[in-house]
Amino acid sequence: MKIVAWNVRGAGKNSCASTIKDLKKAFNIDILAVLEPRISGPRALTVAQNLGFSHYHIVDATGFSGGVWLLWNGNSVSLHVVAHSSQSITALVTLGNQWWLLTVVYANPCPRIRESLWKYFDGLACASHLPWLVLGDFNDIASADEKCGGNLDLGGRCFVEWIDRNQLVDLGFSGAKFTWCNKRNAEGIIWKRLDRGLCNINWRLLFPEAHLSHLPRVNSDHCPVLVSLDSNHYPTRGCTPFRFQAMWMSHPDFPKFIHANWSIGDGHASQKSARLKSSLISWNRQVFGCLFQKKRRLLTRLAGIQRKLCLGHNPYLCDLENELTNNYNMLLEQEELFWLQKSRNTWLKEGDKNSRFFHLSTIVRRRRNKLEGLNNDNGDWITDKTGMKHIIVDYFQCLFCTSESVGDYSLLPQLFPHLEEVDLVGLSCGVSNEEIKESLFSIGGLKTPGPDGFPAIFYQKFWELCANDIISFTKECFQTATLPEHINETLIALVPKVERPVSMTQLRPISLCNTLYKVVAKILVARLRPYMAKLVSPNQVSFIPGRQITDNIVVAQEVLHKFKTAKGKKGFIAWKIDLSKAYDRLHWHFIREVLWEVGIRGRILELLMHCISTVQYKAILNGELTAAFSPHCGIRQGDPLSPYIFVLCMEKLSHLIQQKIHDGIWKPIQICQGGPNISHLFFADDLILFGEASIRQAHLMKLCLDEFCHLSGQKVSFDKSRICVSPNICSDLANSIATISGSPHSSNLGNTLVFLLSTLKLTKQLIKKSLLKFKKG
């Protein structure tokens with residue numbers, strides 16, 4: 001079903017009628033709301049009758065103000081108007097065996113009159129608990145970011161309070177950000193999002209795929225808004241990944257089923273898990289059944305039993321009622337676990353009675369992550385599934401293709417501290433049963449699994465059954481320094497960075513690794529982590545035991561304070577570096593060289609490189625898998641190993657800088673007399689370089705960065721990076737430094753770091769502690 005609401009600003013125009021007919025033809029509209037028609041009486045009836053809809057209901061405009069028309073096709077939708085006011089029409093819509101309310105609205109521009117509409121809607125909400133969609137022109141905004149231009153407007157307080165009071169959900173939108181424009185010149189132009197769709201929770205649960213689009217604005221200062229109850233993209237059966245459902249484990253026969261099927265045939269744990277999939281799918285269909293159908297049948301049986309008991313006592317029916325009630329309660333627990341697993345919520349504990357919340361969270365997350373289309377390299381908007389899959393695969397194949405490195409790794413400063421022989425032995429010694437079990441049980445039970453579909457909770461629950469297979473599988477990986485076939489296959493989930501992504505660069509790829517792979521990776525991490533503080537300089541604080549991000553925040557705040565108070569001829573530079581796709585671009589040979597320099601050799605080195613270099617990806621598009629592709633560089637976001645590998649590789653940039661300081665050509669900043677020299681601070685892949693403000697220093701910073709990037713495969717996004725200089729520097733020098741760096745001159749270091757640097761309350765004790773840590777390093 002398609003519903004369109006459009007503020008036409010005058011339905012009597014010939015262009016309005018022709019535009020509506022074109023919209024109806026293009027989008028196959030079932031229901032149309034015409035807002036602010038500015039005509040009434042016989043003329044309004046004549047125009048409405050000629051728009052091509054079989055039924056209509058008209059609330060006349062008062063002169064040139066207001067007016068709402070509701071038009072629909074009786075052969076495609078059953079709709080009955082149940083209420084109307086001067087600002088809205090409410091109808092009961094019947095779709096199959098589903099009933100819900102649709103309210104189309106044109107809110108009065110006068111705030112006082114508009115407030116009466118919110119009170120009227122409060123009455124509607126109290127009178128009915130049906131699913132409810134409210135659609136149209138609300139003549140108000142909900143927040144300041146829904147307006148561009150003109151005076152600051154935080155949104156109507158009464159409007160926002162009405163939304164909160166009735167627990168309404170905004171449908172969001174795709175398309176242009178704003179729905180109304182005053183069509184003034186560049187200086188006086190104002191944009192607002194006045195038109196929207198709001199629904200109650202019941203409606204959102206009833207139509208989880210419903211989405212709203214802002215159509216192109218023509219022949220009005222408002223754009224039409226289109227609500228589609230169904231998505232254009234449903235996954236094809238057979239193209240979706242298998243997912244183990246945690247609720248299956250609550251079935252009384254499930255343990256017996258797993259014990260009977262796990263040990264069928266030979267092979268390691270991964271192969272037994274793979275064989276179990278088809279059996280689980282059959283068992284789910286034949287034994288467990290559809291959770292929601294079972295719940296409906298149980299409630300129907302309970303209602304029948306209770307009707308019989310009203311006629312007279314029956315001990316058998318009383319016992320049956322108790323049994324069915326217990327079954328119903330078990331179904332509720334299963335349903336809660338089902339939605340908890342899908343919702344990805346980790347801050348509510350299992351066992352909390354929040355099925356409705358988890359269900360809504362799942363629907364909102366799915367709808368937010370749904371991609372209705374993508375721009376290709378030519379800027380064309382592609383909406384067909386096959387074309388979108390090609391865009392995704394081509395993007396990643398281009399991203400993961402390796403480029404020729406420039407330079408010789410051996411020419412870099414070799415400054416990693418020497419690890420003792422006992423440390424190296426600890427890294428490469430045989431793996432114990434306790435390590436394997438600890439690794440498995442450290443994985444979140446309901447963490448999203450990889451292509452095998454089995455979350456950690458399955459292996460944790462059936463540890464006694466699976467232990468020998470998992471232990472032998474893991475020990476074989478460490479003994480042979482290889483991973484079995486398929487174990488390193490990985491899914492890529494595409495998470496939007498922005499509200500309405502239209503291109504691949506606006507999506508964040510998160511790798512979903514197999515649980516059994518994570519067992520191996522976490523053992524490697526557990527062995528590597530204790531030596532990170534020794535290997536990595538105090539300039540880096542992320543993923544290093546005993547260090548906190550606050551340490552670098554304190555130092556950065558002190559340096560920026562030094563900037564503000566700088567006097568005399570000596571000025572300072574701070575260069576905030578933005579690395580583009582930092583994990584995805586790391587060269588594998590560079591990683592190997594770094595690990596070799598650290599002292600990692602033999603089988604443990606080969607296993608680490610095998611974990612990194614034998615990955616095969618499939619991306620997930622709206623629940624459906626793309627074709628497989630293999631990378632030639634990069635590490636995975638979502639792999640437990642990746643943060644530690646990345647930090648070790650970034651340490652080579654730190655070595656470069658340290659060498660330049662040792663040679664006396666990099667001039668760092670000294671916060672105070674006798675204090676430590678500050679040349680750089682790293683927050684994982686967020687970097688800040690510091691130095692004295694000079695042309696030579698700027699060239700040196702750029703040279704070090706280029707040398708590191710050429711060897712490692714990293715790429716700096718110079719336009720997103722920021723150069724900040726102390727205020728005692730003349731503008732000519734500041735501009736020259738910005739030109740050399742290739743980054744814009746700015747008064748701050750970017751939104752992320754401004755937020756970090758402004759949220760920490762400094763105390764003398766905290767400053768002293770952080771600077772001491774830095775100086776000791």
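**Notes on the predicted model**

1. Let me start at the tail of a helix: G664 comes after helix 21 and has a positive phi, near 80°. Keep in mind throughout that this is a predicted model.

2. Helix 21 itself covers residues 642-662, which makes 21 residues. From first C-alpha to last, helix 21 reaches 30 Å, close to the 30 Å expected at 1.5 Å a residue. As for its surroundings, helix 21 is mostly covered, with 17 of its 21 residues buried.

3. Next, strand 13, residues 195-199. Five of its five residues are buried, so strand 13 is largely enclosed by the rest of the structure. If you look at which way the residues point, D195, G197 and C199 go one way, while R196 and L198 go the other, and all are buried. For background, side chains in a regular strand alternate between the two faces of the sheet.

4. Which strands does strand 13 pair with? One of them is strand 8 (residues 132-137), which pairs with strand 13 in the antiparallel sense over five bridges. Within that pairing, L135 has G197 as its bridge partner. Strand 10 (residues 169-170) also runs antiparallel to strand 13, and two bridges join them. Here D170 stands opposite L198. To tie this back to the previous point, G197 and L198 point opposite ways from strand 13.

5. Over to N261, which sits in helix 6 (residues 254-262). Where does the side chain of N261 reach? It gets to the backbone oxygen of F257, at 2.8 Å. Leaving aside residues up to four places away in sequence, N261 touches L276 and S279.

6. Now the cysteines. How many disulfides does a search of the whole structure find? Zero. A disulfide is a covalent bond between the sulfur atoms of two cysteines. Take C148 as a case: the closest cysteine sulfur to its own is in C181, and at 9.6 Å that is too far for a bond. The cut-off that matters for this reasoning is 2.5 Å between the sulfur atoms.

7. Is C148 buried, exposed or partly exposed? Its relative accessibility is 39%, so C148 counts as partly exposed. C290 also counts as partly exposed, because its relative accessibility is 35%. C199, back in strand 13, is buried.

How values were computed:
Residues are numbered from 1 along each chain as its sequence is written. This is a predicted model: local features need pLDDT of at least 70, side-chain atom pairs count only at pLDDT 80 or more; totals for chains, interfaces and linings use all residues. Side-chain values use heavy atoms; hydrogens and water are left out. Helices (H or I, at least four residues) and strands (E, at least two) are DSSP runs, numbered from the N terminus. The expected span of a helix is 1.5 Å times one less than its number of residues. Buried means under 20% relative accessible area, exposed over 50%, partly exposed in between (1.4 Å probe, protein chains only). Two strands pair if DSSP finds at least two bridges between them. A polar contact is a pair of N or O atoms within 3.5 Å; within protein, one must be able to donate a hydrogen and the other to accept it, and residues adjacent in sequence count only if both atoms are side-chain atoms. Contact means heavy atoms within 4.5 Å.
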